[in-house]
Amino acid sequence: MTKADERFQEGRNKRLSAEVNKKMHNWPVKFSCIYLRPEQRSQFKRGWDSVSQIDIDVAINLAVATEQVLSTMIEETNS
């Protein structure tokens, strides 16, 4: 994987994380990028913009399911 691919994937992951936090914690989805060089920033932004509604729905469903499993495990441990 090239550095450009890594920045693209990092942008996707940050967007999905922001969307999950919006759904679960009511946090705003705000684009922010640590890269200052235009080419690197563009690669990150392309990753951010490549996220579809289906990707978001899948990420939210996974986060909710994971939270439910963890809650169940904690309840069983405390019983």
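Gln43 is buried, with a relative accessible area of 6%; buried means under 20% relative accessible area, exposed means over 50%, and partly exposed covers what lies in between, using a 1.4 Å probe and protein chains only. The structure is a predicted model, in which local features need pLDDT of at least 70 and side-chain atom pairs count only at pLDDT 80 or more, while totals for chains, interfaces and linings use all residues. Residues are numbered from 1 along each chain as its sequence is written, and side-chain values use heavy atoms, with hydrogens and water left out.

Gln43 is placed in helix H2. Helices here are DSSP runs of H or I with at least four residues, and they are numbered from the N terminus. When neighbours within four places in sequence are set aside, Gln43 is in contact with Ala4, Arg7 and Phe8, where contact means heavy atoms within 4.5 Å. Those three residues also appear on the H1 side of the contact between H1 and H2, which comes next.

Two packed helices are described by the angle between their axes and the distance between the axes. For helix H1 (residues 3-25) and helix H2 (residues 38-49), the angle is about 45° and the axes are 7 Å apart. The axes are lines fitted to C-alpha atoms over the stretch in contact, and the angles run from 0 to 180 degrees between N-to-C directions. H1 and H2 are therefore oblique to each other; angles under 35 degrees count as roughly parallel, over 145 as roughly antiparallel, 65 to 115 as roughly perpendicular, and the rest as oblique. Their crossing is right-handed, a word used when the near helix is turned clockwise from the far one by less than a right angle, with left-handed used for an anticlockwise turn.

Which residues of H1 and H2 meet? On the H1 side they are Ala4, Arg7, Phe8, Glu10, Gly11, Arg12, Lys14, Arg15 and Ala18, and on the H2 side Gln40, Gln43, Phe44, Arg46, Gly47, Trp48 and Asp49. Sorted by class, this contact has 5 nonpolar, 4 polar and 7 charged residues. Ala, Val, Leu, Ile, Met, Phe, Trp, Tyr, Cys and Pro count as nonpolar, Asp, Glu, Lys and Arg as charged, and the others, Gly among them, as polar.

Helix H1 also packs with H3: their axes come within 9 Å and cross at roughly 60°. That makes H1 oblique to H3, and this crossing is right-handed. Here Arg12, Arg15, Leu16, Glu19, Val20, Lys23 and Met24 of H1 meet Asp55, Ile56, Ala59, Ile60, Ala63, Val64 and Glu67 of H3. By class, the contact of H1 with H3 has 8 nonpolar, no polar and 6 charged residues.

One of the H1 residues in this contact, Lys23, is exposed, with a relative accessible area of 59%. Lys23 and Ile60 are 37 residues apart in sequence, and their C-alpha atoms are 7.4 Å apart in space.

How many salt bridges does the structure hold? There are 3, a salt bridge being a side-chain nitrogen of Lys or Arg within 4 Å of a carboxyl oxygen of Asp or Glu. Asp55 pairs with Arg12 in one of them, the closest N and O atoms being 3.1 Å apart. Asp55 lies in helix H3 (residues 53-78) and Arg12 in helix H1, so this pair ties together parts that are 43 residues apart in sequence. Asp55 is partly exposed at 24% relative accessibility, whereas Arg12 is buried at 17%.

Another salt bridge joins the side chains of Glu19 and Arg15, at 2.9 Å from N to O. Both residues lie in helix H1, 4 residues apart, or about one turn of the helix. Glu19 is buried, with a relative accessible area of 12%, and Arg15 is buried, with 16%. In helix H2, Asp49 forms a salt bridge with Lys45, and the closest N and O atoms are 3.0 Å apart. Asp49 and Lys45 are 4 residues apart, and about one helical turn separates them. Asp49 is partly exposed, with a relative accessible area of 45%, and Lys45 is partly exposed at 33%.

The loop between H1 and H2 holds Asn26. Although Asn26 is not a glycine, its phi is positive, at about 60°. Asn26 is exposed, with a relative accessible area of 67%.

Notes. Helices (H or I, at least four residues) and strands (E, at least two) are DSSP runs, numbered from the N terminus.
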